[in-house]
Amino acid sequence: MQLNITTDYATRILVYLGRATVRCNVNEISDAMDIPLNNARRIMQLLKKSGLVKPVSGKGGGYTLGKSVENITLLDIMTAIDDTLMFGGNVENYYDPAYTESHIIGTVFGRIRSFLETELSLTLAQLIEGYSL
C-alpha cells in the first residue's frame with residue numbers, strides 16, 4: 001500500500017464528480033481540480049475499470065459516478081489505483097502465540113488493520129459533506 005499523488009488525484013476527481021449534477025469531461029475535471037490532463041486521463045481509465053466512474057456517450061461525452069457517493073469508500077478508491085492493496089485474512093492468526101514476540105507483532109498488526117479499515121471506510125458522501133476529524 002502506498003499513498004501517493006495518484007490516489008490524491010483520484011479522490012479529487014471523484015469528489016468533483018460527486019458534486020456535479022451533470023456529466024463532466026476529463027478536461028473540465030483536470031482544470032477545475034488542478035490535475036495534469038495526462039494524469040487525469042490515466043486515472044479516469046483506472047476508475048472506469050474499477051466501476052467507480054462510467055463513461056457517458058453522446059455529444060461532448062464525459063463521465064459520471066459509477067456508484068452513489070454513499071457507496072464509494074476511500075478503500076474503494078485506493079484499491080482502484082493500487083491493486084496491491086490487501087486487508088484480507090486474519091493477521092493475528094499468522095503468528096504463533098507460543099512466541100511472545102510473534103504474538104505481539106500479530107496483535108499490533110491487527111490493531112493497525114482495524115484502524116485502517118475504520119478510517120478507509122469513510123465514504124465519498126462524507127468527504128463531500130465536509131467530514132470532521
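The mean pLDDT of the protein chain in this predicted model is 84, and 80% of its residues reach 70 or more. Confidence is highest in helix α3, residues 37-49, at a mean of 97, and lowest in α5, at 77. Where pLDDT is low, the predicted coordinates should not be read in detail.

The protein chain contains six helices and two strands. Along the sequence these elements follow the order α-α-α-β-β-α-α-α. Of the contacts with a separation of 6 or more, 56% join residues that lie 24 or more positions apart. One pair distant in sequence is Thr7 and Thr79, which are 72 residues apart along the chain; their C-alpha atoms are separated by 9.3 Å. Thr79 belongs to helix α4 and has a relative accessible area of 32%, so this residue counts as partly exposed.

Buried residues account for 36% of the 133 residues in the protein chain. The area exposed by the chain is about 8,200 Å², of which carbon and sulfur atoms supply 54%. In soluble globular proteins, nonpolar side chains tend to be buried together. Here, the largest nonpolar core comprises 32 residues, and those with the most contacts inside it are Ile13, Leu14, Leu17, Ile29 and Leu47. Two or more residues of this core are given by each of α1 (5-19), α2 (26-33), α3, β2 (63-65), α4 (74-81) and α6 (124-129). Helix α1 provides the largest share, with seven residues. When residues up to four places away in sequence are not counted, Ile13 touches Ile29, Ile35, Ala40, Ile43, Met44 and Leu47.

Helix α1 also holds the salt bridge of the model. The count comes to one, and the pair consists of the side chains of Arg12 and Asp8, with an N to O distance of 2.8 Å. Side chains of opposite charge can pair when their charged atoms come close. Both residues lie in α1, four residues apart, which corresponds to about one turn of the helix. Neither partner falls under the 20% cut-off for burial or over the 50% cut-off for exposure: Arg12 has a relative accessibility of 25% and is therefore partly exposed, and Asp8, at 35%, is likewise partly exposed.

A backbone feature occurs in the loop between α2 and α3, where Asp34 lies. Most residues other than glycine have a negative phi, and most peptide bonds are trans. Asp34, a residue other than glycine, has a positive phi near 55 degrees. The relative accessible area of Asp34 is 63%, and this residue is therefore exposed.

On the surface, Ile104, Ile105, Val108, Phe109 and Ile112 make a nonpolar patch of about 420 Å². Ile112 is placed in helix α5, which spans residues 100-119. With 43% relative accessibility, Ile112 counts as partly exposed, because this value lies between the cut-offs of 20% and 50%. Helix α5 is also the element in which confidence is lowest, at a mean of 77.

Key:
Residues are numbered from 1 along each chain as its sequence is written. Side-chain values use heavy atoms; hydrogens and water are left out. Patches are made of residues with over 30% relative accessible area and no salt bridge: like charges are joined within 9 Å, nonpolar side chains (Val, Leu, Ile, Met, Phe, Trp, Tyr) within 5 Å. Accessible areas come from the Shrake-Rupley method with a 1.4 Å probe; for residues, only the protein chains shown count as cover. A salt bridge is a side-chain nitrogen of Lys or Arg within 4 Å of a carboxyl oxygen of Asp or Glu. Buried means under 20% relative accessible area, exposed over 50%, partly exposed in between (1.4 Å probe, protein chains only). pLDDT is the predictor's confidence in each residue, from 0 to 100. Contact means heavy atoms within 4.5 Å. A nonpolar core is a set of buried Ala, Val, Leu, Ile, Met, Phe, Trp, Tyr and Cys residues joined through side-chain atoms within 4.5 Å.
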